[in-house]
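Me: I've got a model on screen and a handful of things to ask about it. Can we go through them one by one?

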Amino acid sequence: MKYMYVLFLGACLAVMALNAPAKLNQNELNVSGLKNFQINSETMVSAGLPDNTHLEALAKSGVNRVVDLIPGDRQAEQQIAESLGMQFHNISVDWHNPTFADFERYTDIMNEAKDNGEVVLTHCKLNWRGSAFTYLYRVTQLNEDEATARADMEAIWTPNETWRDFIEKVKTAN
């Protein structure tokens, strides 16, 4: 009977460990040279365009999912990310015309990652699109403090008129 109890307890602990939300392991994180890298939370980071060594370091540190906001053929990065065990999503966000549909798709991906307890890298070329999308997600979906989230975005860049209009449109709709 004691053996059955120990076996049951071990199985319960294993299930709990599998269902525990992932967190970014900052001790394993070596992303020197990654443009505009920013830790937004234990489960969300954003950056400019990562190279292969950055993706390897991010995977080792616990990033399970990559959201790339750069338009164009992104197959090479997708293959690298997937070979490292990360899910890869590309949302082709037009620099001159970001859309509400782009943000809705981003929100769906981020909510799925949140529900699965995953750590997500959002990136673009310079982390301008990325920081705007993470700002909007934090404010409209996670109900984080607007001033804190905005300060993080503005530490990366100050949105131009196109992006200010887009940000206001998304905030108004949410």
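**Walking through the model**

Reply: Sure, let's start with one residue: Thr-140 counts as buried, because its relative accessibility is 15% and buried means under 20% relative accessible area, exposed over 50%, partly exposed in between (1.4 Å probe, protein chains only). Before going on, this is a predicted model, where local features need pLDDT of at least 70 and side-chain atom pairs count only at pLDDT 80 or more, while totals for chains, interfaces and linings use all residues. Residues are numbered from 1 along each chain as its sequence is written, and side-chain values use heavy atoms, with hydrogens and water left out.

Me: Which backbone oxygen lies 2.7 Å from a polar atom of the Thr-140 side chain?

Reply: Thr-140 sits in helix α5, residues 128-140; helices (H or I, at least four residues) and strands (E, at least two) are DSSP runs, numbered from the N terminus. Its side chain also makes a polar contact with the side chain of Gln-141 at 3.2 Å. A polar contact here is a pair of N or O atoms within 3.5 Å; within protein, one must be able to donate a hydrogen and the other to accept it, and residues adjacent in sequence count only if both atoms are side-chain atoms. The backbone oxygen at 2.7 Å belongs to Leu-136.

Me: Which residues does Thr-140 touch, not counting those up to four places away in sequence?

Reply: Contact means heavy atoms within 4.5 Å. With residues up to four places away left out, Thr-140 touches Phe-103, Val-170, Lys-171 and Asn-174.

Me: Which helix supplies the largest share of the largest nonpolar core?

Reply: A nonpolar core is a set of buried Ala, Val, Leu, Ile, Met, Phe, Trp, Tyr and Cys residues joined through side-chain atoms within 4.5 Å. The largest one has 27 residues, and Leu-69, Phe-103, Tyr-106 and Phe-133 touch the most other members. At least two residues each come from α4 (100-115), α5, α6 (146-156) and α7 (161-173). The largest share, 6 residues, is from α5.

Me: How many residues are in the other core, apart from that one?

Reply: Leu-24, Ala-57, Ala-81 and Met-86 are among its members. The count for this other core is 16 residues.

Me: Which residues is Phe-133 in contact with, leaving aside neighbours within four places in sequence?

Reply: Phe-133 is one of the residues that touch the most other members of the largest core. Its contacts, with those neighbours set aside, are Leu-69, Val-93, Asp-102, Phe-103, Tyr-106, Trp-163 and Phe-166.

Me: What is the strand order in the open sheet?

Reply: Two strands pair if DSSP finds at least two bridges between them. The sheet has 5 strands with mixed pairing, and its edge strands, β1 (38-41) and β4 (87-90), each pair on one side only. The twist averages 20 degrees from one strand to the next, where axes are lines fitted to C-alpha atoms, for helices over the stretch in contact, and angles run from 0 to 180 degrees between N-to-C directions. The order is β1-β2-β5-β3-β4.

Me: What is the bridge partner of Ser-41 in β2?

Reply: β1 and β2 (residues 44-47) run antiparallel and are joined by 3 bridges, with a hairpin of 2 residues linking them. Gln-38 has Ser-46 as its bridge partner in β2. For Ser-41 the partner is Met-44.

Me: Is Asn-30 buried or exposed?

Reply: Asn-30 is in the loop between α1 (2-19) and β1. Its C-alpha is 5.9 Å from that of Ala-57, 27 residues apart along the chain. Because its relative accessibility is 55%, Asn-30 counts as exposed.

Me: Where does Asn-143 lie?

Reply: Asn-143 has a phi near 55 degrees, positive in a residue other than glycine. With a relative accessible area of 65%, Asn-143 is exposed. Its place is the loop between α5 and α6.

Me: What percentage of the protein's residues count as buried?

Reply: The protein has 7 helices and 5 strands, and the total here runs over 174 residues. The share that counts as buried is 41%.
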